[in-house]
Amino acid sequence: MAERYDSIIIGAGFAGLAAGIRLAQFQERVLILESHFIPGGLNSYYFRGGKDKLFNTGLHTVTNFNAKNRRWGFGLICRNLGIPASEFSLVPPSRPSLIEVPGAGLDFNNDLDVLRGSIAERFPAEVEAFDRFCTDMSQLEDVQRLYGIGSRTWLEEYFRDPVLMDLLELPVYIYGGYSEKQIDAATFSTVFRSIFLEGCSSPPDIKHILDLLIKRFKSLGGELKMRKRVARIDCEGGAFRAVELADGTRIEADRCLSSAGLCETGQLAGEVWGRTCPLSVFETVVSVNAPMTDLQADYTLQLISEQERFDWKAPDERGAFDHLTLAASAFYDFAEEPHAKHFKIGCFQKGELWLGLDEETYQREKNHLEERLLQVLLARYPGLRDVEAEHCESLTPRTVVTYTSHLNGGIYGGAEKTFDGTTAVQDLFIIGNDQGGIGIMGALTSGVVVSNFQVILKSART
Ligand SMILES: Cc1cc2nc3c(=O)[nH]c(=O)nc-3n(C[C@H](O)[C@H](O)[C@H](O)COP(=O)(O)OP(=O)(O)OC[C@H]3O[C@@H](n4cnc5c(N)ncnc54)[C@H](O)[C@@H]3O)c2cc1C
């Protein structure tokens, strides 16, 4: 006899864990299946050189720091998951961040007035438009319309200066650009609001939040099975029936919520769904153990475009880059002495260019790009020149595929979303990046919202 659950969730990333907690509050038998041996998916962790030497994959920043609004963002997550905000141990950055395009830059931190002041200084004619834009964003009236238009079209309803629009788009695309060229204005507004209006933060490390979520899930009776890869989704008469694991085990359930991705879930179900996005990432982390005073660095995040005119796509050539992210974990308050400080530099790459290479070519290309990125990192954080690196390692699109199974090493899901979480198969839902829940807070929100609207409310009505 096959095992049977109320709900099966594919993936123990942020969307899967949030959905698991939400459903386990209402259902007796909830199972999360994860193919990797560590949870977290795209925002996970690993150890190098000892059990106290933890490295986060991802984690430049956790957005939506402000949890005051119980119906949105972090507030909504805490309320629905039943976890007090304080337990996430988030702290704001202690230094400002920078957005930069050729010839212009803006500073920001969690005080919106810093960004506003920067705009007032460099684009004085646009300040009134910026105020209107921010006010409208906090009380969006016609979100449906925004799903139907691109972000630039929407920005042009407020602003005139193309350089300012480039500067406002750059951070949102870097942290949520799920398709080349343009993303929809609704997702743009969510990511913009999450970064600038609600503010950035970080936990001590990502394991802290993952452990918190898993503890809560298990306390509600949920089951988490690691190293269990779903190899097939069994549907009958257009409805979900069961999953089949790589080891051949069949597990039945009333429904399945998948964070594997829309295209990827389609493949598991023998269907062709969604559209992949070519964008993946290459990121190098350097850890140093030097006093803060020796580092002489200014910015927590540096979001940079080297293009004259902002055009969101990854270069066609492997190893070339147009858009860069630099993140200094050293500039969150708990990262003071004696912890090691991690500096990251990343750029966007076409995932497919890094897949299927022979080992020698892969290592050579990896070393080459790593070297080039390290030169930029040293130029941007010159204090690093005089301190010895404890560790240096790079994540490539191939790493993303290996540890998350996302096609092309996609980090924000495919170019097509299912915003309500439904698929062509009854009782098979999509959560996470491909439902439009991008980033750590986005994925958590997605797990909560799809569980609420597609499962809990519907069960209550029947
Ligand atoms: C380098 C990098 C930096 C980032 N930085 C930030 C940041 O600073 N701030 C931020 O908010 N976001 C950041 N992100 C984005 C963020 O990590 C993602 O948007 C978010 O984690 C997506 O969560 P998810 O649950 O939707 O998907 P995932 O994290 O991809 O989780 C899906 C899970 O499903 C599992 N899975 C897939 N297929 C199967 C299968 N067949 N069977 C069983 N399990 C399966 C995977 O192993 C994975 O654990 C970053 C991402 C990367 C890669």
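Reader: Where does I183 lie in this structure?

Author: I183 lies in the loop between α7 (162-174) and α8. Keep in mind as we go that this is a predicted model.

Reader: Okay. Is I183 buried or exposed?

Author: Relative accessibility is the number to read here. I183 has 2%, so it counts as buried.

Reader: And which residues does I183 touch, leaving out those up to four places away in sequence?

Author: Quite a list: I149, G150, S151, V172, Y173, G176, G177, Y178 and F188. You can also pick a residue far along the chain and check the spacing: Q375 is 192 residues from I183, and their C-alpha atoms are 31 Å apart.

Reader: F188 brings me to the helices. How do I read a pair of them?

Author: Two packed helices are described by the angle between their axes and the distance between the axes. Here, try helix α4 (residues 127-138) with helix α8 (residues 185-197): their axes come within 10 Å and cross at roughly 105 degrees. That makes α4 roughly perpendicular to α8.

Reader: Which residues meet there, in α4 and in α8?

Author: From α4 you have F130, F133, C134, M137 and S138, and they meet F188, S189, F192, R193 and L197 of α8.

Reader: R193 has a charge. What should I look for with residues like that?

Author: Side chains of opposite charge can pair when their charged atoms come close. R193 does this with E198, in a salt bridge of 3.9 Å, N to O. Both of these residues are buried.

Reader: How many salt bridges does the structure hold?

Author: There are 26 salt bridges. Take the one between the side chains of E393 and R48, at 2.9 Å, N to O. E393 sits in strand β15 (residues 389-395) and R48 in the loop between β3 (45-47) and β4 (54-56), so this pair ties together parts that are 345 residues apart in sequence. R48 is partly exposed, with a relative accessible area of 36%.

Reader: What about R250 and E252?

Author: Their side chains meet in a salt bridge too, at 3.5 Å, N to O. R250 is partly exposed at 30% relative accessible area, and E252 is partly exposed at 22%. Salt bridges with shared partners join R4, D234, R250, E252 and D254 into one network.

Reader: Let's turn to the backbone. Which sign does phi have at S89?

Author: S89 has a positive phi, about 50 degrees, although it is not a glycine. You'll find S89 in the loop between α2 (73-81) and β5 (97-101), and at 28% relative accessibility it counts as partly exposed. D427 is also not a glycine, and its phi is positive at about 65 degrees. D427 lies in the loop between α13 (397-404) and β16 (428-430), with a relative accessible area of 24%, partly exposed.

Reader: Where is P96?

Author: P96 is in the loop between α2 and β5. With 30% relative accessibility, P96 counts as partly exposed. Not counting residues up to four places away in sequence, P96 touches F108, N109, D298, Y299, T300 and L301.

Reader: Last one: which residues form a nonpolar patch on the surface?

Author: Look for V143, Y147 and F419, which together have about 220 Å² of accessible area. V143 belongs to helix α5 (residues 143-147) and is partly exposed, with a relative accessible area of 32%.

Conventions
Residues are numbered from 1 along each chain as its sequence is written. This is a predicted model: local features need pLDDT of at least 70, side-chain atom pairs count only at pLDDT 80 or more; totals for chains, interfaces and linings use all residues. Side-chain values use heavy atoms; hydrogens and water are left out. Patches are made of residues with over 30% relative accessible area and no salt bridge: like charges are joined within 9 Å, nonpolar side chains (Val, Leu, Ile, Met, Phe, Trp, Tyr) within 5 Å. Accessible areas come from the Shrake-Rupley method with a 1.4 Å probe; for residues, only the protein chains shown count as cover. A salt bridge is a side-chain nitrogen of Lys or Arg within 4 Å of a carboxyl oxygen of Asp or Glu. Helices (H or I, at least four residues) and strands (E, at least two) are DSSP runs, numbered from the N terminus. Buried means under 20% relative accessible area, exposed over 50%, partly exposed in between (1.4 Å probe, protein chains only). Axes are lines fitted to C-alpha atoms, for helices over the stretch in contact, and angles run from 0 to 180 degrees between N-to-C directions. Angles under 35 degrees count as roughly parallel, over 145 as roughly antiparallel, 65 to 115 as roughly perpendicular and the rest as oblique. Contact means heavy atoms within 4.5 Å.
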